[in-house]
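User: I should like to learn how to read several local features of a protein model. Could we proceed feature by feature, with the general idea stated before the particular case?

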Amino acid sequence: MISIIHKEHEGLPFLEVIEENRIEEPLPLIFFYHGWTGRKENVLTQGYELAKRGFRVVLPEALFHGERAEGPVESHQLQFWQIIEKSIEELPKLVKFYAEEDLIDGDKVAVSGLSMGGITTCAMFTVYPWIKCAVCLEGTPNPVAFAKLLVDNLPGIENVPEDYIHEQLSGLNQIDLSLNPENINNRPLHFWHGTADNMVPYDLTKKFFDEVQGKPYAKNVTMTTTPGAGHKVSFDTTVEMADKFVEYFAD
């Protein structure tokens, strides 16, 4: 039986999804991040599939979402990158929490997520060399290029002070995997993207994947493309994601 446990650490709410008879057992720890305007409960399907395969799964609540809401999520559109950067900042706190409880199997820590959570995944993979592997679903490893697209198409952007925009986008270079591809460092990384995604451009992900092919640091980078698929993660893609982690953490 799979248990879903609501937890909180240092004011950070999250769900833990795990097989009931393995709650006290050290296991590989996988974080799965939800998308923009979503909440941790929206990715329980992904958490369930991972937990079925013997992993301890944490579904964090992103800043301004779910239990952490401060008014409508849409009102924080200009803080989109701040939300991602906050998740990056909070990850080590959650890892430390589980490490101090001796609930991680060695150093087996991984990340995944969809949409905004996929962008978060790539950013974390760029910043933290101790993350062992990752799967990005309909996110992008190109936050700088994506941010420029978002800003250019944001209604009313002409009324937003340029200094504010610069402040929100400053620091993206450091979390941009496409600008720091050597940070992959042979770690397993898988992408899934649909060609008809109208939210996060498929072309950015495919361009990055093509550019790292054959590079010595990217020999464990793979990608699945689904022709005609839009911005929605199917159950088959969820299963593929979970099976990737089984492969990555196989002894």
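User: How are α2 and α3 oriented to each other?

Analyst: The model is a predicted one. To classify a helix pair, one compares the angle between the axes with fixed ranges: under 35 degrees is roughly parallel, over 145 roughly antiparallel, 65 to 115 roughly perpendicular, and the rest oblique. Here the axes of helix α2 (residues 80-100) and helix α3 (residues 116-127) cross at roughly 50° and come within 10 Å. The two helices are therefore oblique to each other. Their crossing is right-handed.

User: Which residues of α2 and α3 meet?

Analyst: A general point helps in reading such a list. An α-helix has 3.6 residues a turn, so residues three or four places apart point the same way. From α2 come F80, W81, I83, I84, S87, I88 and L91, and they meet M116, I119, T120, A123, M124 and V127 of α3. By character, the residues of this contact comprise eleven nonpolar, two polar and no charged.

User: Which residues of helix α1 are buried, and what covers them?

Analyst: In α1, residues 44-52, the buried positions are Q46, G47, E49, L50 and A51. Their cover includes the strands β1 (2-9), β2 (12-19), β3 (27-33), β4 (56-60) and β5, together with helix α7 (235-248). Just after α1, G54 adopts a positive phi of about 95°.

User: Which residues other than glycine have a positive phi, and where do they lie?

Analyst: The background is as follows. Most residues other than glycine have a negative phi. Two cases deserve attention here. E10, in the loop between β1 and β2, has a positive phi of about 50°. E138, in the loop between β6 (133-137) and α4 (143-152), has a positive phi of about 45°.

User: Is each of these, E10 and E138, buried or exposed?

Analyst: The relative accessible area decides the matter, with buried meaning under 20% and exposed over 50%. E10 is exposed because its value is 58%, whereas E138, at 3%, is buried.

User: Why does D105 count as partly exposed?

Analyst: Its relative accessibility is 30%, which is why D105 receives that class. D105 belongs to strand β5 (residues 104-114). Apart from neighbours within four places in sequence, D105 is in contact with P26, L27 and P28.

User: How far apart in space are D105 and S115?

Analyst: Separation in sequence and separation in space are read side by side. D105 and S115 stand ten residues apart in sequence, and their C-alpha atoms are 28 Å apart.

Key
Residues numbered from 1 in each chain as written. Predicted model: local features only at pLDDT ≥ 70, side-chain atom pairs only at ≥ 80, totals over all residues. Heavy atoms only, no water. Helix = DSSP H or I, 4+ residues; strand = E, 2+ residues; numbered from the N terminus. Buried < 20%, exposed > 50% of the residue type's maximum accessible area, 1.4 Å probe, protein only. Contact = heavy atoms within 4.5 Å. Axes fitted to C-alpha atoms, helices over the stretch in contact; angles between N-to-C directions. Left-handed = near helix turned anticlockwise from the far one by under 90°. Nonpolar A, V, L, I, M, F, W, Y, C, P; charged D, E, K, R; others polar.
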